[in-house]
Amino acid sequence: MSEGDIIPPLSDTEQNEDFDDEVDEEELITAQKVLEIVETAWKNELCAPEILQHQTDMLELMLGQVAHMEENMKDLDKNDFRFIVHQMELERIRYVMASYLRCRLQKIETYTRHILNEEETREVAEKRLSPEEFKYAQEFAENVEQYFQQVALQYMPNMQRAEAEQRIVRPNLMSHVFIKANVDVPSVVVGVDDEEVDLTAGSQHIIPYQLVSDLIYKNQAQLI
Amino acid sequence: MAKSNKMFADKAFELVKELERSSQTIPPFDDDGVRQVLEEIKAIFEENCAQAANYSTSGDRTLWPLLNFRHAALQRNKRCLLTYLYKRLLRIKALRWEFGPIIPADIKTSLCEPEVNFFNTYSKSLASYMRSIGDGQGIDLTGDLRPPKSLYIEVRCLEDYGKFELEDGEVIYLKKNSQHYLPRAQVETLVRQGILQHIA
C-alpha cells in the first residue's frame, strides 16, 4: 500500500485543528503514522489467538481523516487520475478498518464469557474492549444464554443447569504464530525449560503466542 | 436402526451429524429430535435419582459404576444437544451478515421461535454497535467484506430490479440480463443479495 501519498490535500496543521481535544502526544501524529498503527493493529489482531488491546483512539482519528479526505475530494475532477488513486486508497483504508473491527467481533462472539470474565479483573487502563465492544459482548452473552435457556436448559433436570462454567470457550494461547521483531529483544524465554533466545531487529520466528504476547503488547514485535 | 444397537445419546449425536452434513443455508429446526433428547435426559436422570436413593440406604457398592455411567451419558447428551443449538446459532449469525436485518421468508420457516428472537436481538445489538463506532460516526461492517481490487466492477443483472440511484444522483435501470460497469462499494449489497452477479 502506498501510504506515502494518501493524504496530500491535507497538511499537518489542518489536521491538528481537527483533533485539538486529543492529548499533546497525539496532536503531533501524522495521518500516515495513524494509518501505520491501524494497519499493524489489524495484522496483529488477525494473527493473534486472543483479543488484543482496543485502538479506539487511533481508529477515531483515522475515521475523521477519511471523512476529511472525502470532503476534500468532492472538489476534484472525477476523471482526474489522482481522484481515482485517492478513491482507491480510501476504499482500502475502509476495508482495513472494517476487517479489523469484524475480526474483533468474531473473537468476542466466540470467547464471549472468557473475555468478559477477564475484563472484570482488569484495571480501567488495561481494558481490552472499548466501551461499545463491552456492551456488545454483554448483550451477546445474554442473548445466547437466553436462547439456550428457552430451548433446552429449562427442560433439563435441576442439577444440569448450573454448569455454565463448563461451557466457557477459551482461546488456545499456545498456538504457534509468526512474529517479526521490531527491535532487538535480548533473552526471550522460549519453551518450558527456560531456554532463552535473542531476537534481532527484523528477524522472523515461529513461536507459541503466549511466550511473546508481552512483546506484541509493547510493540517490540509484530505478528505476520 | 435396530433397537438392540441403540446407545444412550445416539439421538443427540445424530442431531449434530445431520446438521453438520446438511448443505442448506440452515436446515429446519428438529423439534422432534430435541424433544427426544430432552426426554432421554430426563429418563436417565430419574433412573439415576432412584438408584442414588437406593445406594444411600443400602450402601450397595455394585450400583456405583452404573451411576457413573449414567452420569456420563447425561453429560454427553447435554453436550451434543447444546452443540447442535450452538452450531445453529452460528449459521443464524451468518444470515445477519449475508442478508441484512430481515430474514428471507423461505429461511424463516426453518427457524424456531427462540431462534427468531435470537436473530432479532443479535441484529439490533450489532446495528447499535456499528452505529456507535468512532464517536457516533458509525461504520457498516457488513460492507467491505473483501479487499478492494478495483473501484468499478462489471456486473450482470439476474432479475428485473428497476431503478437504482447512484450516490452522485445518476439513475440507472437494472433490467434482467443487462450488464453494467458500476462502483463496487455501492453495488456490493445487491451482489450479495443475488440481484447482480459479479462477472470478470
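Begin with the contacts of chain A, where a contact means heavy atoms within 4.5 Å. Among those between residues at least 6 apart in sequence, 68% join residues at least 24 apart. The model is predicted, so local features need pLDDT of at least 70 and side-chain atom pairs count only at pLDDT 80 or more, while totals for chains, interfaces and linings use all residues. Residues are numbered from 1 along each chain as its sequence is written, chains are lettered from A and ligands numbered from 1 in the order in which they are written, and side-chain values use heavy atoms, with hydrogens and water left out.

**Chain A as a whole**

Select chain A and display it as a cartoon. Its secondary structure comes to nine helices and five strands; these are DSSP runs numbered from the N terminus, helices being H or I of at least four residues and strands E of at least two. Followed along the sequence, the elements of chain A appear in the order α-α-α-α-α-α-α-α-β-β-β-β-α-β. Of the 224 residues in chain A, 45% are buried. Here buried means under 20% relative accessible area, exposed over 50%, and partly exposed in between, with a 1.4 Å probe and protein chains only. The accessible surface of chain A is about 12000 Å², and 50% of that area belongs to carbon and sulfur atoms. Such areas come from the Shrake-Rupley method with a 1.4 Å probe, and for residues only the protein chains shown count as cover.

**Strand β1 of chain A and its partners**

Next, select residues 176-181 of chain A, which form strand β1. In a regular strand the side chains alternate between the two faces of the sheet. In β1 of chain A, the covered face carries A:V177, A:I179 and A:A181, and the uncovered face carries A:H176, A:F178 and A:K180.

Add residues 204-208 of chain A, strand β4, which runs antiparallel to β1(A) and is joined to β1(A) by five bridges. Two strands pair if DSSP finds at least two bridges between them. A:H176 stands opposite A:P208 in β4(A). Then add residues 221-223 of chain A, strand β5, which is also antiparallel to β1(A), with three bridges. Here A:A181 stands opposite A:A221.

**A:N44**

Select A:N44, in helix α3 (residues 31-47) of chain A. A:N44 counts as buried because its relative accessibility is 7%. Leaving aside residues up to four places away in sequence, A:N44 touches A:L52, A:I216, A:Q222 and A:L223.

**Chain B and two of its residues**

Turn to chain B, which has six helices and five strands. Of its 200 residues, 43% count as buried. The accessible surface of chain B comes to about 11600 Å², of which 52% belongs to carbon and sulfur atoms.

Select B:A12, in helix α1 of chain B. With 0% relative accessibility, B:A12 counts as buried. Its contacts, not counting residues up to four places away in sequence, are B:V37, B:N77 and B:C80. A distance drawn from B:A12 to B:V34, C-alpha to C-alpha, reads 7.6 Å, although the two are 22 residues apart in sequence.

Move on to B:S22, in the loop between α1 (10-21) and α2 (31-58) of chain B. B:S22 is buried, at a relative accessible area of 18%. Beyond residues up to four places away in sequence, B:S22 touches B:P27 and B:R91.

**Spaces in the model**

Finally, look at the largest pocket, which has a volume of about 1300 Å³. Of the 45 residues that line the largest pocket, the closest to its centre are A:Q87, A:E91, B:E167, B:A185 and B:Q186. On a 1 Å grid over the protein atoms alone, a pocket is an open set of points with protein on both sides within 12 Å along at least five of seven lines, a cavity is a set where a 1.4 Å probe fits but cannot get out, and lining residues have an atom within 4 Å of a point. Grid points are joined across faces, edges and corners, and a volume is the space filled by probe spheres set on the points.

There are three cavities of 30 Å³ or more, and the largest cavity has a volume of about 110 Å³. Among its 14 lining residues, select A:T56, A:L59, A:L101, A:S130 and B:Y129, which are the closest to its centre. Helix α5(B) gives the largest share of that lining, four residues.
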